[in-house]
Amino acid sequence: MPDTVIDVHELVKKFGDFTAVDRVTFAVERGEVVGYLGPNGSGKTTTMRMLLGLLRPTAGRATVLGLDIEKQAEAIRPQVGYMSQKFALYEDLTVRENLVFYAGVYGMRPAEYRPRVKRVLELIGLTGREDERAGEISGGWRQRLALGIALVHNPKLLFLDEPTSGVDPSARREFWDLIYTLAEEGATVFVSTHYMDEAEHCGRLGIMYNGQLMAMDTPSALKASQLKGPAWNIVADPLIPALDALSAIPGVHRAGLLGDHLHAITRGDAHTAASLQAAMIAKGVAQAAVEDAEPTLEDVLVELAGRGN
Ligand SMILES: Nc1ncnc2c1ncn2[C@@H]1O[C@H](COP(=O)(O)OP(=O)(O)OP(=O)(O)O)[C@@H](O)[C@H]1O
Ligand SMILES: [Mg+2]
């Protein structure tokens with residue numbers, strides 16, 4: 001396996017006049033867990049489908065496992081695992097039968113797939129449930145089975161397209177533990193999501209907006225490089241007038257609600273906690289307690305979306 005397992009240069013996909021993926025360039029190294037974060041319609045699935053050789057690029061080029069996505073697509077598919085956003089299980093088949101069926105699709109013989117299916121069942125935590133019908137297990141278990149199907153031929157590179165959408169928070173956390181177990185065992189994972197908390201767990205993160213890859217880096221580097229200045233949390237009362245006051249202070253780049261308090265980004269070194277607090281009080285806010293805060297990925301996303309418009 002080459003060190004650079006995904007290598008993408010200026011990849012474009014147009015549907016008629018509409019550009020779904022707009023000159024996207026990035027690389028993924030062996031062993032990484034790379035997230036692909038972006039709102040609905042930002043081009044995540046379209047990118048993945050091109051990399052899997054399922055959709056022809058309009059322009060640009062890419063290799064996956066060193067293979068050209070246009071000329072060698074047939075050779076790529078057997079070597080990668082793909083959990084599609086709209087994955088399909090055979091509802092009438094049991095958990096084990098689903099895995100065995102897909103092992104067959106990959107041309108695995110019984111001597112090969114028997115131990116592998118056993119191992120996959122252990123990995124996805126469905127040992128003991130292998131005889132239950134896929135149509136009768138819960139959403140979280142179905143998601144794991146779909147991942148198991150993507151893993152059955154033992155691929156070293158996984159494309160997971162919003163694998164946790166629609167499952168509850170605890171099932172999502174367990175699913176991410178599983179992703180990290182796979183990475184520890186040597187898999188490279190490229191995973192799309194629109195959940196900010198999940199994106200925070202990725203080694204590196206690409207941010208898609210309107211078909212463009214706005215940035216790709218570690219979550220902490222994105223926060224350090226993409227924001228105009230420091231972040232603040234402000235406990236204030238009453239909240240909404242305080243937000244209006246905060247937004248109007250020179251040097252405040254963005255301000256919004258975050259749970260039960262306010263969250264703001266200021267420009268450069270325009271403010272200290274004390275100066276921000278004084279400015280709010282001067283604008284008539286009765287109570288405002290300002291503390292420095294960790295920037296969030298949402299801050300980064302809002303900033304990049306502002307630039308992309
Ligand atoms: N076959 C197609 N024909 C025309 N337009 C398409 C086609 N496939 C995708 N699109 C459009 O391209 C854009 C990107 O779609 P894509 O599915 O890649 O987004 P996404 O980031 O995966 O979104 P989601 O989070 O909703 O899955 C969307 O506006 C979509 O409507
Ligand atoms: Mg999608």
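Q: Which residues of α1 are buried?
A: The model is predicted. A residue counts as buried when its relative accessible area is under 20%. Of the 8 residues of α1, 6 are buried, so the helix is largely enclosed by the rest of the structure. The buried residues of α1 are K44, T46, T47, M48, M50 and L51.

Q: Which residue with a positive phi follows α1?
A: Helix α1 covers residues 44-51. The residue in question has a phi near 75 degrees, and this residue is G53.

Q: Which residues coordinate the magnesium ion (ligand 2)?
A: The coordinating atoms are an OG1 and an OE1, at 1.9 to 2.2 Å from the ion. They link distant parts of the chain, since one residue is in helix α1 and the other is in the loop between β6 (80-83) and α3, 40 residues apart. The two residues that coordinate the magnesium ion are T45 and Q85.

Q: Is T45 buried or partly exposed?
A: A residue is buried under 20% relative accessible area and exposed over 50%, with partly exposed in between. The relative accessible area of T45 is 24%, so T45 is partly exposed.

Q: What is the relative accessibility of Q85?
A: Q85 coordinates the magnesium ion through OE1. This residue counts as partly exposed, because its relative accessibility is 35%.

Q: With which residue does K44 meet in a salt bridge?
A: K44 lies in helix α1, and its partner lies in the loop between β7 (157-161) and α6 (169-184), 118 residues away in sequence. K44 counts as buried at 4% relative accessibility, and the partner is also a buried residue, at 7%. The N to O distance is 3.5 Å, and the partner is E162.

Q: Which residues line the largest cavity?
A: The structure holds 1 cavity of 30 Å³ or more. About 30 Å³ of space lies in the largest cavity. Its lining includes E162, the residue that forms a salt bridge with K44. The complete lining is E162, P163, T164, S165, S192, T193, H194, Y195 and E198.

Q: Which helices hold E174 and R144?
A: E174 forms a salt bridge with R144, with the closest N and O atoms 3.1 Å apart. R144 is buried, with a relative accessible area of 11%, whereas E174 counts as partly exposed at 39%. The pair ties together parts that are 30 residues apart in sequence, because E174 lies in helix α6 and R144 in helix α5.

Q: How many residues apart are E303 and K228?
A: E303 and K228 form a salt bridge, the closest N and O atoms being 3.6 Å apart. E303 is buried at a relative accessible area of 4%, while K228 is partly exposed at 42%. E303 is in helix α11 (residues 297-308) and K228 is in the loop between α8 (219-226) and β11, so placed that the pair links distant parts of the chain. Their separation is 75 residues.

Q: How many salt bridges does a search of the whole structure find?
A: Among the residues joined by salt bridges, K118, R119, E122 and E185 are linked in a network. A search of the whole structure gives a total of 20.

Q: Which element gives the largest share of the lining of the largest pocket?
A: The largest pocket has a volume of about 410 Å³. Of its 18 lining residues, the closest to the centre are Y82, M83, Y102, Y106 and I149. The elements that give two or more residues to the lining are β6, α3 and α5 (139-151). The largest share, 4 residues, comes from β6.

Q: Which residues make the nonpolar surface patch of about 370 Å²?
A: One member of the patch is Y106, found in the loop between α3 (95-105) and α4 (110-123). Y106 counts as partly exposed because its relative accessibility is 34%, and patches are made of residues with over 30%. The patch is made by Y90, F101, V105 and Y106.

Q: How far apart in space are A236 and H261, C-alpha to C-alpha?
A: A236 lies in strand β11 (residues 231-237) and counts as buried at 11% relative accessibility. A236 and H261 are 25 residues apart in sequence. In space, C-alpha to C-alpha, they are separated by 6.8 Å.

Technical notes
Residues numbered from 1 in each chain as written. Chains lettered and ligands numbered in written order. Predicted model: local features only at pLDDT ≥ 70, side-chain atom pairs only at ≥ 80, totals over all residues. Heavy atoms only, no water. Patch = residues over 30% accessible without salt bridge, like charges linked within 9 Å, V, L, I, M, F, W, Y side chains within 5 Å. Areas by Shrake-Rupley, 256 points an atom, 1.4 Å probe, with all protein chains shown as cover. Salt bridge = Lys/Arg side-chain N within 4 Å of Asp/Glu carboxyl O. Buried < 20%, exposed > 50% of the residue type's maximum accessible area, 1.4 Å probe, protein only. Donors = N, O, S within 2.8 Å, 3.2 Å for Na, K, Ca; no water. 1 Å grid on protein atoms, 1.4 Å probe; cavity = no way out; pocket = protein on both sides within 12 Å on 5 of 7 lines; lining within 4 Å. Points joined across faces, edges and corners; volume = space filled by probe spheres on them.
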